[in-house]
Amino acid sequence: MQTALTLPDRSAKPRRAGLTMVIDNGLPLHLFADLMASNAPYIDLVKLGWGTAVVTPRLDAKLDRLRAAGIGFFFGGTLFEKHVLQGAFDAYRWLLREHGCRYVEVSNGTWPLPEAQKARYVAELAAEFTVLSEVGSKTADGDQRLRPRDWARQVRTDLAHGASLVITEARESGTTGIAGADGQARDEILDAILAAGVDPDLLLFEAPTKDLQTHLVRRFGPDVNLGNIAPADVLALETLRLGLRSETLLEFEPQREPAAARI
């Protein structure tokens, strides 16, 4: 809608920054299609979470809806890990081709694929697809072993081997990876990655909760890349980006006294 309000600058699609990645955990086709069509201006990518692509009825119909709405899509990194674990990497690449995937996620958050081997997969897939690598563990033990400087090193390694974006892990719960068990952002990780000279526009922060979304919008601005957004939360996130929700209402305003009410 048209508005007289002054709002923060926001990139329009096709965006290079300010991306919103939605996670689909198995929505029925018609509900999925309606949500995608209604919110298409605000959705850049959809991830079919973990291994749901294998069991999704009418998968190609879902993907057709995304193509029609101008929304990119990819399968969850867990599906990549499962194929590699079973020695079926070539079969996975054929699966991507069969479904017309332009994007692929490469991760090692569940199965501890060595960094160097993961980097080789990133490089090989980057020759054919747009690679979104993921850094971070899905387990509490893995979180404890991964120090902030390890995060920074892995992000830089994946970018150097051809990843177009690096996803920072938070899962759909928002309580692991860049978020603590209490759901609060772990700024020491973000600080280490930025101190290593990584451009924030090359990071896609998983932020499924309002608290994480708010923190990242406040820290990086309206055009921060955010992922693992629930389909029903897309418009709510856009209001956070634009200062139209209480959590960010004053974030992008100049310091001034409230205007006097007109009677």
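Is threonine 139 buried, exposed or partly exposed? Threonine 139 is partly exposed, with a relative accessible area of 35%, because that value falls between the 20% that bounds buried residues and the 50% that bounds exposed ones. Keep in mind as we go that this is a predicted model. You will find threonine 139 in the loop between strand E5 (130–135) and helix H7 (140–145).

From there, let us jump to arginine 219. Threonine 139 and arginine 219 are 80 residues apart in sequence, and their C-alpha atoms are 26 Å apart in space. Arginine 219 is also partly exposed, with a relative accessible area of 32%. Its side chain meets that of aspartate 191 in a salt bridge, at 2.5 Å from N to O. Aspartate 191 belongs to helix H9 (residues 187–195) and arginine 219 to helix H10 (residues 210–220), so this pair ties together parts that are 28 residues apart in sequence. Aspartate 191, at 40% relative accessibility, counts as partly exposed.

That pair has company, for the model holds 23 salt bridges. One of them joins lysine 47 to glutamate 206, with the closest N and O atoms 3.3 Å apart. Here the link runs between distant parts of the chain: lysine 47 sits in strand E2 (residues 45–48) and glutamate 206 in strand E7 (residues 203–206), 159 residues apart. Why do lysine 47 and glutamate 206 count as buried? Buried means under 20% relative accessible area; lysine 47 counts as buried because its relative accessibility is 5%, and glutamate 206 because its value is 1%.

Two further places are worth a look. Arginine 245 and glutamate 247 form a salt bridge whose closest N and O atoms are 3.4 Å apart, and arginine 245 is partly exposed at 28% relative accessibility. Elsewhere, salt bridges join Arg10, Asp223, Glu238 and Arg241 into a network.

Now turn to helix H4 (residues 77–85). Which of its residues are buried? They are Gly77, Leu79, Phe80, Glu81, His83 and Val84. In an α-helix there are 3.6 residues a turn, so residues three or four places apart point the same way. The cover over the buried residues of H4 includes helix H2 (52–55), strand E3 (72–75), helix H5 (89–98), strand E4 (103–106) and helix H6 (115–126).

Helix H5 deserves a visit of its own. Just after H4, glycine 87 takes a positive phi of about 65 degrees. Two packed helices are described by the angle between their axes and the distance between the axes. For H4 and H5, the angle is about 145 degrees and the axes are 7 Å apart. Leu79, Phe80, His83 and Val84 from H4 meet Phe89, Ala91, Tyr92 and Leu95 from H5. Of the residues in this contact, 7 are nonpolar, 1 is polar and none is charged.

H4 has another partner in serine 107, which lies in the loop between E4 and H6. Serine 107 is buried, with a relative accessible area of 0%. Its side chain makes a polar contact with the side chain of glutamate 81, at 2.6 Å. A polar atom of the serine 107 side chain also lies 3.3 Å from the backbone oxygen of glycine 77. Leaving aside neighbours within four places in sequence, serine 107 is in contact with Gly77, Thr78, Phe80, Glu81, Leu113, Lys118 and Glu134.

Technical notes
Residues numbered from 1 in each chain as written. Predicted model: local features only at pLDDT ≥ 70, side-chain atom pairs only at ≥ 80, totals over all residues. Heavy atoms only, no water. Salt bridge = Lys/Arg side-chain N within 4 Å of Asp/Glu carboxyl O. Helix = DSSP H or I, 4+ residues; strand = E, 2+ residues; numbered from the N terminus. Buried < 20%, exposed > 50% of the residue type's maximum accessible area, 1.4 Å probe, protein only. Contact = heavy atoms within 4.5 Å. Axes fitted to C-alpha atoms, helices over the stretch in contact; angles between N-to-C directions. Nonpolar A, V, L, I, M, F, W, Y, C, P; charged D, E, K, R; others polar. Polar contact = N/O pair within 3.5 Å; in protein donor to acceptor, adjacent residues only side chain to side chain.
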